[in-house]
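Here is a short tour of a small set of features worth finding in your viewer. Keep the sequence and the 3D view side by side as you read.

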Amino acid sequence: MKFFKLYNVEAGVDLYINPSTIKYYLYDSDNVEIILDNNEIIRVDKQDFEEMKGLGIFEYDTNNAL
């Protein structure tokens, strides 16, 4: 199980998130809103999120695309 450090811009703290708990995410102009499996909403630093995504941790299933 991997955890990534993401900066929570609203609380001003670093969080350690397991990417498998991310239900979906939404880009804002400066941040990324993440909705976790427990329906908790967190707004994180866009650069931190991009670095995490750049590591190839997300897989996309085009068969289930909206």
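The report below goes from the overall layout to the core, the charged pairs and the aromatic rings.

## Overall layout

Please keep in mind that this is a predicted model. The protein contains five strands and one helix. Starting at the N terminus, you will meet them in the order β-β-β-β-β-α, so the helix follows the strands in this order.

Of the 66 residues in the protein, 27% count as buried. The protein exposes about 4800 Å², and carbon and sulfur atoms supply 48% of that area. Contacts also reach along the chain: among those with a separation of 6 or more, 32% are between residues 24 or more positions apart.

## The β4-β5 hairpin

A good place to zoom in is the pairing of strand β4 (residues 31-36) with strand β5 (residues 41-45), which is antiparallel and runs over five bridges. Within this pairing, Val32 stands opposite Val44 in β5.

Four residues lie between the two strands of this hairpin. If you check the backbone there, look at Asn39, which takes a positive phi near 70 degrees.

## The nonpolar core

Which residues make up the largest nonpolar core? There are 11 residues in all: Phe4, Leu6, Ile17, Ile22, Val32, Ile34, Leu36, Ile42, Val44, Phe49 and Met52. Two or more of these residues come from each of β1 (4-8), β4, β5 and α1 (46-54). Strand β4 gives the largest share, three residues.

The hairpin and the core overlap: Val32 and Val44, the opposite pair described above, are both members of this core.

## Salt bridges around Arg43

Now for the charged residues. Side chains of opposite charge can pair when their charged atoms come close. The count for this model comes to four salt bridges, and Arg43 takes part in the ones described here.

One of them joins Arg43 to Glu10, with the closest N and O atoms 3.5 Å apart. This pair links distant parts of the chain, as Glu10 sits in the loop between β1 and β2 (13-17) and Arg43 in strand β5, 33 residues apart. Glu10 is exposed, with a relative accessible area of 60%; that is over the 50% cut-off for this class.

Arg43 also meets Asp28 in a salt bridge, at 3.1 Å from N to O. Because Asp28 lies in the loop between β3 (22-27) and β4 while Arg43 lies in strand β5, the pair ties together parts that are 15 residues apart in sequence. Asp28 counts as partly exposed, at 36% relative accessibility. With Glu33, the closest N and O atoms of the salt bridge to Arg43 are 2.9 Å apart. Glu33 is in strand β4 and Arg43 in strand β5, so this pair ties together parts 10 residues apart in sequence. Through shared partners, the salt bridges join Glu10, Asp28, Glu33 and Arg43 into one network.

## Aromatic pairs

The structure holds three aromatic pairs. In one of them, Tyr25 and Tyr27 are edge-to-face, 5.9 Å centre to centre and with 80 degrees between the planes. Are these two tyrosines buried, exposed or partly exposed? Tyr25 counts as partly exposed at 23% relative accessibility, and Tyr27 counts as partly exposed at 33%.

Ring pairs link Tyr25, Tyr27 and Phe49 into a cluster. Phe49 is also one of the residues of the largest nonpolar core, so you can follow this residue from the rings into that core.

Note on methods
Residues are numbered from 1 along each chain as its sequence is written. Side-chain values use heavy atoms; hydrogens and water are left out. Buried means under 20% relative accessible area, exposed over 50%, partly exposed in between (1.4 Å probe, protein chains only). Contact means heavy atoms within 4.5 Å. Accessible areas come from the Shrake-Rupley method with a 1.4 Å probe; for residues, only the protein chains shown count as cover. Two strands pair if DSSP finds at least two bridges between them. A nonpolar core is a set of buried Ala, Val, Leu, Ile, Met, Phe, Trp, Tyr and Cys residues joined through side-chain atoms within 4.5 Å. A salt bridge is a side-chain nitrogen of Lys or Arg within 4 Å of a carboxyl oxygen of Asp or Glu. Rings of Phe, Tyr and Trp (its six-membered ring) pair if their centres lie within 6.5 Å; planes under 30 degrees apart count as stacked, over 60 as edge-to-face and the rest as tilted.
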